[in-house]
Amino acid sequence: NTVIKCKAAIAWEPKKPLSIEEVEVAPPKAHEVRIKIVATGICRTDEHVISGAMTTPFPILLGHEAAGVVESIGAGVTSVRPGDKVIPLFAPQCGECRSCRSSKGSLCIKNDLAAPCGLITDGTTRFTCRGKPVHHFLTTSTFTEYTVVDESAVVKIDAAAPLEKVCLISCGFSTGYGAAVRTAQVEPGSTCAVFGLGGVGLSTVMGCKAAGASRIIAVDINKDKFAKAKMLGATDFVNPQDYKKPVQEVLVEMTGGEGVDYSFEVIGHTETMMAALASCHMSCGTSVMVGVPPSASQITLDPMLLFTGRTWKGSVFGGWKSKESVPKLVADYMGNNINLDALITHTMPFDRINEGFDLLNQGKRLNSLFINLVCKYFPLNYPPNIEIGTYMQ
Amino acid sequence: MKTIGKSLSIEEVEVAPPKAREVRVKIVATGICGTDDHVLKGSFPNVDFPVIPGHEGAGIVESVGEGVTCVKPGDKVIPLCLPQCGECSFCLNPNTNCCLQTHLYQSQNLMPDKTSRFTCKGKQVYHFLWISTFSEYTVMPDSTVVRIDDAAPLDKVCLFGCGFPTGYGAAVNTAKVAPGSTCAVFGLGGVGLSVIMGCEASGASQIIGIDINKDKFATAKDLGATECINPQDFEKPIQEVLVEMTGHGVDYAFEAIGRVDTLTAALASCHRGSGVCVMVGEPPPGSQLSFDPMMLFTGLTLKGSILGGWKMKDSIPKLVTGYLQKKFKPDVLITHNLPFSEINEGFELLRAGKSIKNIFIDF
């Protein structure tokens, strides 16, 4: 097991583009796995780190939505072998902690989400660049040709799975889809509202539809996003900027004064979290927080919104127990039961990763320009050329 | 009896006969709930004065208006501070108990025809939550009264009008406490103690009672609390104490006081990945809850609970029957029995933390 030198995109400091450089990737230690990344997408959470909304230590190797092939394993690794197709898991599953042992829990103690430290299990890192250690990101780090993860953060998938598609199961698709089918457990015939129509929001729309919702109200300030939402199952469309009154009042009126059964906030802003809560039925509505809130933010609301009986819950990685569920979701894709292709709009070579982030951000800033979800990937037959995927709203 | 300011004035009132779909009830026993105290202090929304408060009572039907079929004169009944009309969309929805006729949606200060059945010294007196149990006779719509077992002792089962089902249901219906789990209950009044009973009945392995009044600990332990702590005994915030005590936070936390600071503490004391925090106490109007949304994002659930999630007409009679079969023992909550004429002393005892449930009889 030797050190691998390869290409990676490093974030040296916030608010700066990623820098494509050579990194040294140490061999996996005990219970670790080194993975050759074949395809990776960009998720808004990666952008949150660059913008400073999510606090992490720097320098850091971002990326957490990917698929690849095992290159080598450390001592004691039993669940994967070199050559296996795998998906890295930013929501690990160690199988032993309280969350893993509970049927309800999906936040394994090995996660690095709440206050990211950027280190692998033994408190060190496997990456160096220009002689300096580089932090890991959310137990994965996929903007690199090779990465090292803990065994709890990787799972073997179907050998026939197309990695350039199923990388979306590593984050965006599963997060949104699971928020509906697993966290909220949307019931047939119910009404849903989805705030935010990026990749995750569109996956939530798909989840609501799969669960049999009778009405799915898509909410976004960018009306160019409505067409795809409609294609994926949304029945009504609301642009809050078209109304003087708060959007929750609009949604309550649209639902005969009752509010929706399930609302999803898939943006990550405290104001829309409140609006989503207030749009659900005051006594038996459930609101799910899917978008990552900014670090150290505070949400302030009238507690009466809850007193009447609303349920408010968060959802990480769609509430899926990752190791158990990811292979099944891949199998669902292979069986044509889930639509990932709808989320993929671009593929680009790795060297253009910053352009990918620009596309992501333009979708946010230019309301008239609708940039579809983009996935770029590394084709297996081009080992030296790392291609990365940009996947965004 | 009516209220002006902070104490009640016991007087003679005229109680008109029940109109169509109304019932006149002779109240035999009534308790005081924290909510009645909110009324006296002026912090309960949409109350008009003068008013006859009281919403936790039990009695006997004296007469019924036209069209009433659910009860008849002589029936033992419990007035329901949360109605169940059976016809609105919420009553038809199996997942909620929040009938549209509750005070949260429309005023219950007058009968549905917008007139009052009470006069005192020639002036109109308002109803409270349509039931007004601090009166020897009261009139209420038929959506707010339900017949109970003839064998039920009215001086005990008045607790089933509010305090006991609110707390017990928060645990068994709203939270659905799972066997072997850990629970924290903030506030050891009548409702908090009923939450403890619900957690115990659900098989929780650890039930931590939290109150700044340690005199409440003994009863809490009798009812199933495995330990009780006083936040004033610690320098660090109580949520940190609870996380340390349990290693990772509790599975279920209940706030049964009605304050946003304790609600935030309850939320923060839950297990990050799968904890459930239930808001039972009603916060004062205009208060604001503030917390780091990361707590929810990582997997916590925060829910409100009214009247323990029970659909009242369906559930209260069954709870009373369960009491007669000795399935629960809320009698422990009854610490005082005072004659009705001493009702103001009852409020003093409540405010001083010296009583749990004071049941007034002997009108």
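How far is the sulfur of A:Cys6 from the closest cysteine sulfur, and in which residue does that sulfur lie? Select A:Cys6 and A:Cys129 in this predicted model: the two sulfurs are 10 Å apart, too far for a bond. A:Cys6 is buried, at 5% relative accessibility. Now go to chain B and select B:Cys98, whose closest cysteine sulfur is that of B:Cys99 at 8.2 Å, again too far for a bond. B:Cys98 is buried as well, with a relative accessibility of 0%. Over all chains, the structure holds 0 disulfides.

**Domains of chain A**

Colour chain A by its domain assignment: domain 1 covers 4-172 + 319-389, and domain 2 covers 176-315. The C-alpha centres of these two domains of chain A are 27 Å apart. Their contact involves 23 residues of domain 1 and 24 residues of domain 2. Between them the two domains of chain A bury about 1800 Å², with 54% of that on carbon and sulfur atoms. Looking for charged pairs across this boundary in chain A gives 0 salt bridges, while 5 residue pairs are in polar contact there.

**Domains of chain B**

Do the equivalent selection in chain B, with 14-161 + 329-361 as domain 1 and 167-306 as domain 2. Here the C-alpha centres lie 28 Å apart. Domain 1 of chain B brings 14 residues to the contact and domain 2 of chain B brings 12 residues. The area buried between the two domains of chain B is about 1000 Å², 69% of it on carbon and sulfur atoms. On the domain 1 side, show B:Val332, B:Leu333 and B:Ile356 as sticks; these three supply 38% of the area that domain 1 of chain B buries against domain 2, more than any other three residues. The domain boundary in chain B has 0 salt bridges and 1 residue pair in polar contact.

**Between the chains**

Next show both chains and select the residues in contact across them: 39 residues from chain A and 43 residues from chain B. About 3400 Å² is buried between chain A and chain B, 63% of it on carbon and sulfur atoms. On the chain A side, pick out A:Arg98, A:Pro303 and A:Phe307, which lose the most area to chain B and together make up 20% of what that side buries.

Which residues form the salt bridge between the chains? The count between chain A and chain B is 1 salt bridge, and B:Asp251 forms it with A:Arg98, their closest N and O atoms being 2.7 Å apart. The interface between chain A and chain B also has 14 residue pairs in polar contact. To see which elements of chain A take part, select α2 (98-101), α8 (270-279), β15 (299-301), α9 (304-307) and β16, each of which gives two or more residues to the side that touches chain B. Of these, β16(A) gives the most, with 4 residues.

Just after β16, stop at A:Ser315, in the loop between β16 (311-314) and α10 (322-334) of chain A. A:Ser315 is buried at 2% relative accessibility. Its side chain makes a polar contact of 2.8 Å with the side chain of A:Thr183. Residues touched by A:Ser315 include A:Ala179 and A:Val288 in its own chain, and B:Leu296 and B:Phe297 in chain B.

**Salt bridges within the chains**

Over all chains the count comes to 31 salt bridges. Begin with A:Asp122 and A:Lys29, whose closest N and O atoms are 3.1 Å apart. A:Asp122 is in the loop between α2 and β6 (127-129) of chain A and A:Lys29 is in the loop between β2 (19-25) and β3 (32-41), so the pair ties together parts 93 residues apart in sequence. Both ends are partly exposed: A:Asp122 at 38% relative accessibility and A:Lys29 at 44%.

Are the partners in the next salt bridge, B:Glu22 and B:Arg117, buried or exposed? Select the two residues; their closest N and O atoms are 2.7 Å apart. B:Glu22 sits in strand β4 (residues 22-31) and B:Arg117 in the loop between α2 (89-92) and β7 (118-120) of chain B, so this pair ties together parts 95 residues apart in sequence. B:Glu22 is buried at 4% relative accessibility, and B:Arg117 is buried at 3%.

To finish, return to chain A and add A:Glu32 and A:Arg126 to the selection of A:Lys29 and A:Asp122: salt bridges with shared partners join these residues into one network.

Terms used: Residues are numbered from 1 along each chain as its sequence is written. Chains are lettered from A and ligands numbered from 1 in the order in which they are written. This is a predicted model: local features need pLDDT of at least 70, side-chain atom pairs count only at pLDDT 80 or more; totals for chains, interfaces and linings use all residues. Side-chain values use heavy atoms; hydrogens and water are left out. Buried means under 20% relative accessible area, exposed over 50%, partly exposed in between (1.4 Å probe, protein chains only). A polar contact is a pair of N or O atoms within 3.5 Å; within protein, one must be able to donate a hydrogen and the other to accept it, and residues adjacent in sequence count only if both atoms are side-chain atoms. Contact means heavy atoms within 4.5 Å. A disulfide is a pair of cysteine sulfur atoms within 2.5 Å. Domain bounds come from an automatic or database domain assignment. Buried area is the accessible area (1.4 Å probe) that two parts lose on being put together, summed over both. A salt bridge is a side-chain nitrogen of Lys or Arg within 4 Å of a carboxyl oxygen of Asp or Glu. Lists of a residue's contacts leave out its neighbours within four places in sequence.
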